[in-house]
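I opened a fresh page to record what I looked up, strand by strand and helix by helix. The entries follow the order in which I went through the model.

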Amino acid sequence: MTMESNSMTMPMSDPNAWATAMNNLGMPPMGMTGQPLMPDFDPNLGMMAGITPMNPMMPGLGMVPAPLSQDIPVVKEIIHCKSCTLFPPNPNLPPPATRDRPPGCKTVFVGGLPENATEPIIMEVFGQCGDITAIRKSKKNFCHIRFVEEFTVDKALFLSGYRIRLGSSTDKKDTGRLHVDFAQARDDLYEWECRQRMLAREERHRRKMEEDRLRPPSPPPIVHYSEHECSQLGDKIKDDGKFPEAVRVLFTWLERGEVNRRNANNFYSMIQSSNSHIRRLMSEKSQHEKEMEEAKDKFKTALAGILAQFEQIVSVFQAASKQKAWDHFSKAQRKNLDMWRKQAEEIRNMHNEQLMGIRREEEMEMSDDDMEEAPDSKDSEDSGVSQVEALKEENDSLRCQLDAYRNEVELLKQEQGKNQPIRSEEDSTHSQQLSFLQQALQGMQKQLLKMREELKQREAELDKSLEDKQQLKSQVQSLKESLQNLQNTHLMQLEMSKQDDRGGEESTNQSSEATVSAVVSCSQEKEGPTEKNPPSPVHSEREALLVGIISTFLHVHPFGASIEYICSYLQRLDTKINPSEVEALLSRLPCTFRQELTGVGASLEKRWNFCGFQGIKST
């Protein structure tokens with residue numbers, strides 16, 4: 001095999017010369033269509049790791065570099081074989097058209113073969129592209145070639161457009177123009193689908209392994225109930241370290257329905273032991289809250305110290321900004337000082353806002369605590385009932401604890417009766433436990449008696465409060481009856497004054513004196529019966545006289561009168577009367593006098609009317 005090449009002179013004995021040269025230059029070996037032939041090429045290595053030596057079609061083809069871009073044209077040269085010669089196409093012609101590459105394509109279509117071409121000649125030409133699996137030749141000057149690897153198809157496409165000549169003959173049957181294109185084969189598609197399914201299985205397996213690795217471990221299985229397991233679980237529940245696991249087992253047993261009449265006492269004692277951990281948990285919570293408060297105080301103190309240092313730094317910048325020191329700095333120094341001062345002030349303000357926010361939160365928490373601690377404005381009856389209910393609930397809880405201790409004592413006695421041949425040490429521990437339980441039982445009994453005494457006292461206080469409530473109700477009823485009698489008397493007096501006013505203007509003074517005397521008598525009667533009535537709007541006898549005179553005056557003026565008209569009438573009797581005083585007096589008696597607006601536009605006028613007959617119904 002020979003090759004004439006003017007572009008590169010390289011020994012023909014090295015078939016991997018082009019790949020080695022590209023590797024030494026740090027460039028990945030490219031195929032004939034510009035695609036990388038080595039997908040796992042590492043340019044940092046001197047040799048291509050994990051890649052077998054290339055088997056190019058021939059030394060000439062192996063030395064022809066593939067174009068790295070479309071702008072650089074591919075230089076094709078004459079290829080000499082043993083039984084044929086390949087002449088390159090005209091470089092000015094466009095590249096031959098190809099169909100879309102099918103997935104997993106390993107088969108190419110070769111057309112334009114000479115009529116005298118045989119399979120050995122085809123194997124000689126295309127065998128240098130790569131290992132060939134099969135050649136299917138047709139009688140119409142074309143064939144299909146299936147390669148072992150996919151990347152060898154790109155090398156075969158490089159020969160598309162070459163003119164082939166068998167030997168040195170110029171006969172038409174010994175010449176032809178090769179056309180190489182992708183071919184769609186069912187075997188290639190099947191192998192590609194199998195490979196994709198294998199990759200999908202590997203991906204699913206990898207994901208499953210990752211999910212199994214990240215999945216939290218399953219909880220251990222819960223043992224079934226037995227006397228032995230119950231005794232062990234009772235000891236574990238009393239242990240603070242093993243309490244969470246033991247409570248989970250107890251919960252599972254309760255959910256399964258393991259409770260019956262024979263083991264109900266055992267379950268009750270275990271539940272009682274679980275309840276005893278509440279105090280421990282509350283103490284741990286209070287301890288953590290105390291630590292949190294200490295950490296808050298420490299943080300607040302440190303923040304206040306940092307803020308004080310920021311204040312000092314800002315004061316230093318402010319002192320440097322004064323004229324006696326500012327004039328001695330250069331322009332650049334002044335600029336830096338100004339910038340530093342602004343940054344220090346911003347940071348100082350930010351820390352100050354943070355500290356103020358902490359203080360505001362503390363004040364809000366304190367206010368919430370005060371609101372919660374403030375006594376509720378409820379009646380004495382409700383508070384007494386709630387206290388009695390609370391005492392009853394506490395009494396029930398103490399009784400339940402007492403029953404639990406009794407059950408434990410009975411269980412210990414039963415165990416002691418069953419296990420007679422027990423060591424002396426165990427007897428001593430049981431006796432100690434019994435003594436402790438007896439002492440606790442005595443203490444609970446004392447506390448129960450004390451709570452009963454407190455309950456009796458609360459009930460006595462509740463009865464006393466109920467009696468006080470009945471007395472208050474009777475007093476309120478008597479006050480309501482006296483008020484109704486007073487209103488009836490006042491109504492009768494107003495009717496009598498109305499009959500006296502019908503005489504005309506001549507009897508105005510007489511009726512006014514009668515009304516005034518009636519009002520005075522009513523005021524005296526109101527002041528007499530009880531001291532708990534609200535203060536009267538009429539403060540003196542003079543104002544009562546004015547109310548009577550004004551009522552008589554407005555009664556004979558059914559359409560009302562202005563304040564000036566009323567005052568002009570009153571000033572005839574007393575010149576010291578002030579309009580503002582009269583208007584204030586009328587305003588304090590809304591049920592007796594009513595102010596109305598009459599007229600339109602400029603003739604709008606405020607007039608006072610007497611409404612005592614309507615007001616007596618609403619009061």
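Which residue in S5 is the bridge partner of Thr107? I looked this up before anything else, and found that Arg146 is the residue in S5 that is bridged to Thr107. I note at the outset that this is a predicted model, and I read every entry below with that in mind.

**Entry: the sheet around S3 and S5**

I then traced the strands to which this pair belongs, and found that S3 covers residues 107–111 and S5 covers residues 142–147, with five bridges joining them in an antiparallel arrangement. Following the pairing outwards, I arrived at an open sheet of four strands, whose order is S4-S5-S3-S8 and whose pairing is antiparallel. At its edges I found S4 (132–137) and S8 (179–182), each of which pairs on one side only. Between neighbouring strands of this sheet the average turn is 20 degrees, when direction is ignored.

I went back to the pairing of S4 with S5, which is also antiparallel and also runs over five bridges. Here I saw that Arg136 stands opposite His144 in S5. The two strands form a hairpin with four residues between them, and in that hairpin I noted Asn141, which takes a positive phi near 65 degrees.

Before leaving this sheet I checked which helix lies across it, and found H3 (residues 119–126), which lies across S3, S4, S5 and S8 and runs at about 135 degrees to S4.

**Entry: the sheet with S6 and S7**

I found another open sheet of four strands, this one in the order S1-S2-S6-S7, again with antiparallel pairing. Its edge strands are S1 (79–80) and S7 (175–177), and each has a single partner strand, so one side of each has no neighbour in the sheet. I followed S7 to its partner S6 (residues 163–166), to which it is joined by three bridges in the antiparallel sense. Among these residues I recorded Arg165, whose bridge partner in S7 is Thr175.

**Entry: H6 and H8**

Turning to the helices, I looked at H6 and H8 (residues 264–275), whose axes come within 9 Å and cross at roughly 15 degrees. The two helices are therefore roughly parallel to each other, and their crossing is left-handed. I listed the residues that meet: Glu227, Cys230, Leu233, Gly234, Ile237 and Lys238 on the H6 side, with Asn266, Met270, Ser273 and Ser274 on the H8 side. Sorted by class, this contact has four nonpolar, four polar and two charged residues.

**Entry: H16 and H17**

How do the axes of H16 and H17 cross, and at what angle? I found that the axes of H16 (residues 563–573) and H17 (residues 579–587) come within 10 Å and cross at roughly 115 degrees, and the two helices are therefore roughly perpendicular to each other. H16 passes H17 in a right-handed crossing. From H16 I noted Ile563, Ile566, Cys567 and Leu570, which meet Pro579, Val582, Glu583 and Leu586 in H17. By class, this contact has seven nonpolar residues, one charged residue and no polar ones.

**Entry: aromatic pairs**

Last, I searched the whole structure for aromatic pairs, and the search gave nine. I looked closely at one of them, Tyr225 with Trp253: the ring centres are 5.2 Å apart and the planes stand at 90 degrees, so the pair is edge-to-face. This pair links distant parts of the chain, as Tyr225 is in the loop between H5 (186–214) and H6 (227–238), whereas Trp253 is in H7 (residues 243–256), with 28 residues separating the two.

Key. Residues numbered from 1 in each chain as written. Predicted model: local features only at pLDDT ≥ 70, side-chain atom pairs only at ≥ 80, totals over all residues. Heavy atoms only, no water. Axes fitted to C-alpha atoms, helices over the stretch in contact; angles between N-to-C directions. Parallel < 35°, antiparallel > 145°, perpendicular 65-115°, else oblique. Left-handed = near helix turned anticlockwise from the far one by under 90°. Contact = heavy atoms within 4.5 Å. Nonpolar A, V, L, I, M, F, W, Y, C, P; charged D, E, K, R; others polar. Pairing = 2+ DSSP bridges. Phe/Tyr/Trp six-rings, centres within 6.5 Å; stacked < 30°, edge-to-face > 60°.
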